Amino acid sequence: MSRPTPLDIRLTDVAVRAAGRTLLRLPSLEVAPGERVALIGPNGAGKSTLLRLLGAAVRPACGEVRVLGRCLAAPGQPALSGAALRGLRAEVGQVVQGVPLVPRLSALENTLMGALARRCELPAWRSWTRLYPEPLVAEAGAILARLGLEARADVRADRLSGGERQKVGIARALMQRPRLLLADEPTAALDPASAAIALRLLHQDAARAMTRITVVHQAALLHGLADRVIGLAGGELVFDLPPSQVDAECLRALYRSRHSPEAGPASPPTRRGIAPRAAPA
Ligand SMILES: Nc1ncnc2c1ncn2[C@@H]1O[C@H](COP(=O)(O)OP(=O)(O)OP(=O)(O)O)[C@@H](O)[C@H]1O
């Protein structure tokens, strides 16, 4: 008898609270291995909070969080720590807002840092000596070239522009070859052509097996690159649909929505595969 494929992400009855407010409330969210999910919604919707929850950077006030087969939170269970947390972080790549790079290292060396998660190929002592195996240098160089940074590979990170730093952050996350990639507005500082290239690289060209969750403000950028679009507003799921069903009406409703979880349940979310339909006049 064949076993069901384990999910990469499963959230059950989760709420995240801070400063006396509920920032996120998700009764259920499941993501299968290899799915490419676009996360959209107005400012303050809870998109970054959801990514931080999945990256084990915040703990929920209640509910159960499972990521890549590990239980990050469950009633009565202590937070993941030590080797278990390091193991998770090696398998979860993150492109975060603000892109923290090592200022004195070059774009290429910062990109190579991503490969530290692939311990057998790049043990930590290699980065201390700054002697990197040739195949990894070639791989990092190729990713930077795809992002148009070939000529900037040897420039120190603190001498790069904001957009260039963001590209290095993307290259570093890809170099990690994570099982799960969490990208928070990875194209916010990029010009339109660079944004399209970066999203293609993140969603299409990189290993198909990678599960991807990407926050974007321009949903159109992900046309053809996401399998699923999740709309969040006021910390709640508004819809979870295939991209073909996310129309202008859907987006208008999402960006108008300012529901707060404190106000009690919103109208039921539109589930996957069930398109919202206007009542006939
Ligand atoms: N550490 C914190 N303490 C208290 N409130 C917080 C904290 N971090 C975020 N918030 C609040 O949580 C809500 C959700 O924030 P979050 O950053 O997840 O939104 P977002 O959808 O990513 O927004 P944006 O599109 O502006 O980046 C916001 O109202 C924000 O003010």
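## Close-up views of the predicted model

**View 1. Lys-47, Ser-48, Leu-50, Leu-51, Arg-52, Leu-53 and Leu-54 are the buried residues to look for in helix 1.** A residue is called buried if 20 or more other C-beta atoms lie within 10 Å of its own, exposed if there are 12 or fewer, and partly exposed in between, with C-beta atoms placed from the backbone. Helices (H or I, at least four residues) and strands (E, at least two) are DSSP runs, numbered from the N terminus. What you're looking at is a predicted model, in which local features need pLDDT of at least 70 and side-chain atom pairs count only at pLDDT 80 or more, while totals for chains, interfaces and linings use all residues. Residue numbers start from 1 along each chain as its sequence is written. Helix 1 is mostly covered, with 7 of its 8 residues buried. Right behind the helix comes Ala-56, with a positive phi near 65 degrees.

**View 2. Helix 1 (residues 47–54) is the top contributor to the shell around the ligand, giving 3 residues.** The surrounding residues are Ala-18, Ala-19, Leu-23, Gly-41, Asn-43, Gly-44, Ala-45, Gly-46, Lys-47, Ser-48 and Thr-49. To make that list, a residue needs its C-beta atom, placed from the backbone, within 6 Å of the molecule. By type, the shell splits into 6 polar, 4 nonpolar and 1 charged. Here Ala, Val, Leu, Ile, Met, Phe, Trp, Tyr, Cys and Pro count as nonpolar, Asp, Glu, Lys and Arg as charged, and the others, Gly among them, as polar.

**View 3. Strand 3 (residues 36–40) is largely enclosed by the rest of the structure, because 5 of its 5 residues are buried.** In a regular strand, side chains alternate between the two faces of the sheet. Here both faces are covered: Arg-36, Ala-38 and Ile-40 are buried on one side, and Val-37 and Leu-39 are buried on the other. Strand 3 runs parallel to strand 8 (residues 211–215), paired over 4 bridges, with Ala-38 bridged to Thr-214. Strand 9 (residues 228–233) also pairs with strand 3 in the parallel sense, again over 4 bridges, and Gly-231 sits opposite Ile-40. Two strands are taken to pair if DSSP finds at least two bridges between them.

**View 4. Helix 6 (residues 162–175) has the length you'd expect: its 14 residues at 1.5 Å each should span 20 Å, and its end C-alpha atoms are 20 Å apart.** The expected span is 1.5 Å times one less than the number of residues. This helix is mostly covered too, with 12 of its 14 residues buried. Among them are Val-168, Ile-170, Leu-174 and Met-175, along with Glu-164, Arg-165, Lys-167 and Arg-172. Just past the end, Arg-177 takes a positive phi of about 50 degrees.

**View 5. Asp-13 and Leu-68 show positive phi without being glycines.** Most residues other than glycine have a negative phi. Asp-13 comes in at about 50 degrees and lies in strand 1 (residues 9–18). With 13 other C-beta atoms within 10 Å, Asp-13 is partly exposed. Leu-68, with phi near 50 degrees, is in the loop between strand 4 (62–67) and strand 5 (70–73). Leu-68 has 19 C-beta neighbours inside 10 Å, so it counts as partly exposed.

**View 6. Cys-71 sits in strand 5.** It has 13 other C-beta atoms within 10 Å, which makes Cys-71 partly exposed. Setting aside neighbours within four places in sequence, Cys-71 is in contact with Arg-66 and Gln-77, where a contact means C-beta atoms, placed from the backbone, within 7 Å. Arg-152 is 81 residues from Cys-71 in sequence, and their C-alpha atoms are 41 Å apart.

**View 7. Zooming out, the protein chain has 8 helices and 10 strands.** Of its 281 residues, 41% count as buried. Of the contacts between residues at least 6 apart in sequence, 68% join residues at least 24 apart. The average pLDDT (the predictor's confidence in each residue, from 0 to 100) is 86 for the protein chain, and 85% of the residues score at least 70. Go easy on residues 273–281: pLDDT stays under 50 there, and the model has 5 contacts beyond four places in sequence for this stretch. Overall scores are ipTM 0.97 and pTM 0.88.

How values were computed: Two residues are in contact if their C-beta atoms, placed from the backbone, lie within 7 Å.
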